[in-house]
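Please look over the sequence and the model before reading on. The paragraphs below move through the empty spaces of the structure and then through the packing of its helices.

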Amino acid sequence: MIKFQLGVVPPQVSLTYRFAIAAVVLVGFGLALGRRLRISLRDVPAVAVQGIFMFSANYYFVYNGTQFVTSGLIAVLFTSLVLINLINERIFFGAPIRLPAIVAGCTSLFGIGLMFWPEIRTLSLQDDTVKGIALVLTGAYMASLGNMAAIVNTRRRLPVVAVNAHGMALGALCSALFALYAGQPFIVDWRLPYLGSLLFLAIPGTAIAFGFYLMLIERIGVAKATYTSVMLPVVALLISTIFEGYRWTGMAIAGLIIALIGNAIALSTKAPAAPSKPD
C-alpha cells in the first residue's frame with residue numbers, strides 16, 4: 001500500500017493525511033462510545049514522544065527508504081525491531097536481555113531472510129541501496145523509541161484510544177510542519193490507487209491496527225508484542241499467494257517454518273519481572 005502512496009504526493013504530506021485521518025476516526029470512535037479522550041498534563045510528554053516517533057519519524061524514514069529498496073528487504077530490515085527493542089528496554093528500563101529472546105529474534109530474522117532471499121541476493125550495495133537500508137533501519141529505531149514511550153503509557157494505564165488519538169494528531173502535526181519547512185506542496189492525488197491506499201493505511205492500517213498493538217503491549221509486554229513485525233511479511237506472502245499467484249519455494253517454506261519457530265520460542269518463554277525506572 002505504501003508503494004501506491006509514492007510518486008505524486010510528497011511522502012511527508014501523505015503521512016500528514018494518513019495520521020490526521022486516523023486521529024479524526026479515533027476521536028469520532030471515542031465520542032460515539034463515550035470513551036475517555038482527555039490526557040493529563042503529566043502524561044503529555046510520554047504521549048508526545050510516542051506520537052512523534054511511532055507515528056511520524058518512523059514512517060518518514062520507512063516511506064523514503066521504500067523508494068530505494070525492495071519490499072522484501074524492508075520486511076527483513078524491520079524485523080530487526082525485535083532485537084532493537086530488547087536493547088532499548090535494557091537501556092531505558094533496566095530489563096534483562098535473556099538468551100532465549102536473543103535466540104528467538106535471530107531465528108525469526110533468519111527465517112524472514114530465507115523467505116525473501118530471491119529478492120535479497122539480487123541487491124547491489126551500490127547506488128541508493130545502502131541509503132535505503134540506512135533509512136529503513138533508522139525508521140525501525142525510531143519505532144523502537146515510540147515503543148519505549150508506549151511502555152510508559154501502558155504502565156500508567158492510559159486509555160488506548162486517547163493515547164493513539166493524541167499521538168496520531170501530534171504525529172500528523174509534526175509531519176505537516178516538516179513538509180512546510182521542506183517546501184513540500186499539500187496536494188492530493190485523486191486517482192483511486194492513491195486514495196484507496198490512503199484510506200486503507202489510515203483506518204485499518206493505523207487507527208485499528210495500532211489500537212490492537214498497544215493492547216498487546218499492555219497484555220504481554222513490548223518484547224513479545226514486537227513479534228508482530230515478524231508475522232507481517234508472513235501474512236503479506238499469504239495474501240500474495242491468493243491475489244498475485246505467489247509460488248512458494250522450498251527455501252520460502254523453510255524460512256516460514258524457521259520464523260514461526262522463532263515466534264514460538266519468544267512467546268513460550270516467561271519473562272522475569274523487570275525493574276523499571278521511575279517515570
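How many nonpolar, polar and charged residues does the lining of the largest cavity have? The model examined here is a predicted one. In this model, the lining of the largest cavity has 7 nonpolar, 3 polar and 2 charged residues. The residues themselves can be found in the sequence: Val-82, Asn-85, Leu-86, Arg-98, Ala-101, Val-222, Ala-223, Lys-224, Thr-226, Tyr-227, Ala-266 and Thr-269 line the largest cavity. Two elements, helix 5 (81–93) and helix 11 (222–225), give two or more residues to this lining. The space in the largest cavity comes to about 80 Å³.

The structure holds 2 cavities of 30 Å³ or more, and the second largest has about 60 Å³ of space. Its lining is formed by Gln-50, Ala-150, Asn-153, Thr-154, Arg-157, Leu-158, Val-160, Val-163, Leu-214 and Glu-218. Sorted by class, the lining of the second largest cavity has 5 nonpolar, 3 polar and 2 charged residues. At least two lining residues come from each of helix 8, helix 9 (160–181) and helix 10. Of the contributors to this lining, helix 8 gives the most, with 3 residues.

The pockets come next. The largest pocket has a volume of about 1,900 Å³. A total of 47 residues line the largest pocket, and Met-1, Ile-2, Leu-232, Pro-233 and Ala-236 lie nearest its centre. Several helices take part in this lining: helix 1 (2–5), helix 3 (44–65), helix 4 (71–78), helix 7 (117–120), helix 8 (129–155), helix 10 (192–220) and helix 12 (228–243) each supply at least two residues. Which helix gives the most to the lining of the largest pocket? The answer is helix 12, with 11 residues. By class, the lining of the largest pocket divides into 31 nonpolar, 11 polar and 5 charged residues.

The packing of helices can now be considered. Two packed helices are described by the angle between their axes and the distance between the axes. The axes of helix 3 and helix 10 come within 14 Å and cross at roughly 130°. Helix 3 is therefore oblique to helix 10. The crossing in which helix 3 passes helix 10 is right-handed. On the side of helix 3, the contact is made by Gln-50, Met-54, Phe-55, Tyr-59 and Tyr-63, while helix 10 contributes Leu-201, Phe-210, Tyr-213 and Leu-214. The residues of this contact comprise 8 nonpolar, 1 polar and no charged. Gln-50 and Leu-214 belong to this contact and also appear in the lining of the second largest cavity.

A second pair consists of helix 5 and helix 6 (residues 99–115), whose axes come within 9 Å and cross at roughly 155°. Why are these two helices described as roughly antiparallel to each other? Angles over 145 degrees count as roughly antiparallel, and helix 5 and helix 6 are therefore placed in that class. Helix 5 takes part in the contact through Val-82, Leu-83 and Leu-86, and helix 6 through Ala-101, Ile-102, Gly-105 and Cys-106. Here the contact residues divide into 6 nonpolar, 1 polar and no charged. Val-82, Leu-86 and Ala-101, which belong to this contact, are also among the residues that line the largest cavity.

Note on methods:
Residues numbered from 1 in each chain as written. Predicted model: local features only at pLDDT ≥ 70, side-chain atom pairs only at ≥ 80, totals over all residues. Heavy atoms only, no water. 1 Å grid on protein atoms, 1.4 Å probe; cavity = no way out; pocket = protein on both sides within 12 Å on 5 of 7 lines; lining within 4 Å. Points joined across faces, edges and corners; volume = space filled by probe spheres on them. Helix = DSSP H or I, 4+ residues; strand = E, 2+ residues; numbered from the N terminus. Nonpolar A, V, L, I, M, F, W, Y, C, P; charged D, E, K, R; others polar. Axes fitted to C-alpha atoms, helices over the stretch in contact; angles between N-to-C directions. Parallel < 35°, antiparallel > 145°, perpendicular 65-115°, else oblique. Left-handed = near helix turned anticlockwise from the far one by under 90°. Contact = heavy atoms within 4.5 Å.
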